[in-house]
Amino acid sequence: MKDVIVLGAGPAGMVAALRAGDLGARTTLVTRDDFGGMAANDGPVPVRTLAHAARLMREARQLDRYGIECSQPNLDYARLLERVREVVQDVRAHSAFRQQLEAAGVTIHERAGTARFVDPHTIETEHGLRLRADTIILCGGGVSRRLSIPGFECTATHSDAWNLKEVPPSMLVVGGGATGAQVASVFNAFGTKVQLFETGTRILKTEDEDVSTAVAAAYRGAGIVVRESFGAIESFEKTSDGVRMFFTKDGRRDSAEASVVVVAVGWVADAAGLCLASAGVTTDSRGYVQVDANLRTSSPHIFAAGDITGRLMLVPEAIQDGFVAATNAVLGLSTTRSEQASPIGSFTDPEYAQVGLTEAKARERGEVTVATINFDSTTRTIIDGRTTGFCKLIVDRETHKVLGCHIVGERAVEIAQLASIVIAAEMRVDNLARVPLSFPTYAGVLGRLAASATRQLNLEANWRANQSEL
Ligand SMILES: Cc1cc2nc3c(=O)[nH]c(=O)nc-3n(C[C@H](O)[C@H](O)[C@H](O)COP(=O)(O)OP(=O)(O)OC[C@H]3O[C@@H](n4cnc5c(N)ncnc54)[C@H](O)[C@@H]3O)c2cc1C
């Protein structure tokens with residue numbers, strides 16, 4: 001029987017260990033701290049709980065518009081953090097994975113401390129656990145990127161939000177990617193005066209340009225100061241009641257100050273403590289563990305999965321990686337990852353989401369038809385008083401297949417799920433137009449866009465059948 005060690009119990013590690021156990025390998029799952037990894041303990045679950053609180057505050061402010069009298073909402077941050085901890089524990093306690101892993105005979109070592117390679121087949125953890133295996137799968141995830149800038153130690157990461165005693169009066173968020181945009185949105189809703197700094201020309205630079213523009217405009221409308229192309233950071237320094245950031249642009253020095261500075265400028269592999277050299281595992285120029293299409297590292301008996309490999313850093317990707325790596329580790333090199341488009345989105349205000357190609361990328365590849373609808377002209381958004389945003393569908397003019405969908409506004413992330421099924425099924429837009437989606441719903445907007453694209457393309461009159469919107 002093959003021995004497999006899986007390092008790290010985030011989504012990649014849990015699935016890798018389960019798959020290896022199911023395939024009959026004697027499997028051990030070792031993780032530094034709590035079961036569930038970043039995903040359950042320090043990423044999506046706690047952040048989504050804060051985002052839900054932000055949503056409740058927004059909705060409470062809307063009550064008056066619907067004739068419901070109520071006093072203004074008032075946030076008790078300490079109680080919110082209690083709720084965050086409760087949710088994290090609840091998610092962990094109810095994780096179906098633990099039961100499945102135990103049933104599959106996987107040995108779990110939780111809170112074992114950081115593990116490192118002693119030799120290519122042996123690992124040892126900080127707490128003295130020493131294990132040897134034929135095959136090892138690295139699923140250690142990633143950590144926030146640190147900048148080599150004077151005074152960087154005065155700054156915080158998204159995780160430090162859990163340690164704040166109260167909502168800070170002001171905050172600089174450095175980095176306009178998904179994490180920075182999420183932190184900015186949540187704390188703005190809680191009443192913090194937020195300034196969002198992005199070195200590039202636009203926030204959310206991996207999104208469709210229309211999405212970046214709409215989210216930046218909505219943020220500005222909500223009182224967030226969005227500073228794109230702000231220049232380069234020189235240093236940070238502590239002040240009597242916060243932190244000051246110095247930066248330069250076009251030779252001119254400037255500064256900004258707030259009670260807290262959160263830096264969210266990317267993610268690096270959590271590989272520093274692993275002593276990868278002892279196992280002959282190499283990393284790429286960005287410090288991520290290098291893998292081939294089978295998720296095998298430079299050391300043939302060692303595989304890697306999830307954020308540690310530096311590809312699309314999302315829970316569903318980590319899960320897919322874990323399955324592929326464990327299958328190859330136990331059965332031999334037999335499978336690779338599927339290249340299906342993944343929906344990506346964030347629970348900001350307004351929400352945004354995407355799946356497939358951006359309009360710019362789709363136009364580079366060929367002729368496209370684009371159908372867009374603004375949320376001030378869709379029934380459900382008007383009913384709910386959530387008229388900020390739009391949905392855009394990109395269709396290949398030749399094949400009539402949906403290539404991409406980009407959404408800003410209420411339930412954007414949920415709409416993207418339906419669009420991702422359409423793209424995965426390689427559905428033609430006129431077939432989508434024929435599906436009678438429920439009225440009045442958020443997802444129903446896709447039916448209306450499909451009908452509009454079908455008309456633009458002069459296809460069969462399928463659009464007529466679409467009853468999903470007025
Ligand atoms: C703020 C934030 C919000 C996010 N929101 C979303 C979202 O909404 N949707 C989404 O899909 N993704 C989201 N992500 C990304 C998601 O959390 C990651 O893609 C996912 O957790 C990666 O899973 P993983 O298994 O590769 O690693 P992780 O979940 O990071 O787990 C790795 C585990 O390995 C442990 N470990 C590391 N090194 C060692 C070692 N040497 N020895 C022992 N153990 C070790 C770590 O302590 C950790 O527990 C978010 C991330 C952040 C930071």
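A polar contact is a pair of N or O atoms within 3.5 Å. The views below show a predicted model.

**View 1. Backbone atoms of Val315, Asp307 and Ala115 face polar atoms of the ligand.**
A polar backbone atom of Val315 sits 2.8 Å from an oxygen atom of the ligand. An oxygen atom of the ligand also lies 2.9 Å from a backbone N or O atom of Asp307. On the side of Ala115, the partner is a nitrogen atom of the ligand, at 2.9 Å from a polar backbone atom of this residue. The protein buries 89% of the 990 Å² that the ligand exposes when taken alone.

**View 2. The shell around the ligand draws on several helices.**
Two or more residues each come from helix H1 (11–22), helix H2 (37–41), helix H3 (44–62) and helix H8 (315–331). The ligand has 31 residues around it, and those that come nearest are Ala12, Asp33, Ala115, Asp307 and Val315. By residue class, the shell holds 16 nonpolar, eleven polar and four charged residues.

**View 3. Asp34 makes side-chain contacts with two arginines.**
Asp34 belongs to the loop between strand S2 (26–30) and H2. Its side chain is joined to that of Arg111 by a polar contact of 2.7 Å. A second polar contact, of 3.4 Å, links the side chains of Asp34 and Arg92.

**View 4. Val87 of helix H4 and Asn41 are separated by 46 residues in sequence.**
Helix H4 covers residues 77–93 and includes Val87. The C-alpha atoms of Val87 and Asn41 are 9.6 Å apart in space. Is Val87 buried or exposed? Val87 has a relative accessible area of 15%, so it counts as buried, the cut-off being under 20%.

**View 5. Helix H6 is mostly covered.**
H6 runs over residues 178–189, twelve in number. From its first C-alpha to its last it reaches 17 Å, close to the 16 Å expected at 1.5 Å a residue. Ten of the twelve residues are buried. Among them are Gly180, Ala181, Gln182 and Val183, and the run of buried residues named for this helix also includes Phe187, Asn188 and Ala189. An α-helix has 3.6 residues a turn, so residues three or four places apart point the same way. After H6 comes Gly191, with a positive phi near 105°.

**View 6. Cys391 and Cys405 are buried but not bonded to each other.**
A disulfide is a covalent bond between the sulfur atoms of two cysteines. The count of disulfides in the model is zero. For Cys391, the nearest cysteine sulfur is that of Cys405, 3.9 Å away. Why is there no bond between Cys405 and Cys391? Their sulfur atoms are 3.9 Å apart and therefore too far for a bond, since the cut-off for a disulfide is within 2.5 Å. Cys391 has a relative accessible area of 0% and is buried. Cys405 is likewise buried, at a relative accessible area of 0%.

**View 7. Cis peptide bonds precede Pro350 and Pro440.**
Between Asp349 and Pro350 the peptide bond is cis, and omega is near 0°. Pro350 is placed in the loop between strand S18 (344–346) and strand S19 (352–356). The bond that joins Phe439 and Pro440 is also cis, with omega about -10°. Here the proline falls in the loop between helix H12 (429–434) and helix H13 (445–456).

**View 8. Cys275 and Asn458 have positive phi values without being glycine.**
For Cys275, phi is near 55°. This cysteine is part of the loop between strand S16 (267–269) and strand S17 (302–304). With a relative accessibility of 32%, Cys275 counts as partly exposed. For Asn458, phi is near 55°. Asn458 is located in the segment after H13. Is Asn458 buried or exposed? Asn458 is exposed, because its relative accessible area is 69% and the cut-off is over 50%.

Note on methods: Residues numbered from 1 in each chain as written. Predicted model: local features only at pLDDT ≥ 70, side-chain atom pairs only at ≥ 80, totals over all residues. Heavy atoms only, no water. Near = heavy atom within 4 Å. Polar contact = N/O pair within 3.5 Å; in protein donor to acceptor, adjacent residues only side chain to side chain. Areas by Shrake-Rupley, 256 points an atom, 1.4 Å probe, with all protein chains shown as cover. Helix = DSSP H or I, 4+ residues; strand = E, 2+ residues; numbered from the N terminus. Nonpolar A, V, L, I, M, F, W, Y, C, P; charged D, E, K, R; others polar. Expected span 1.5 Å × (residues − 1). Buried < 20%, exposed > 50% of the residue type's maximum accessible area, 1.4 Å probe, protein only.
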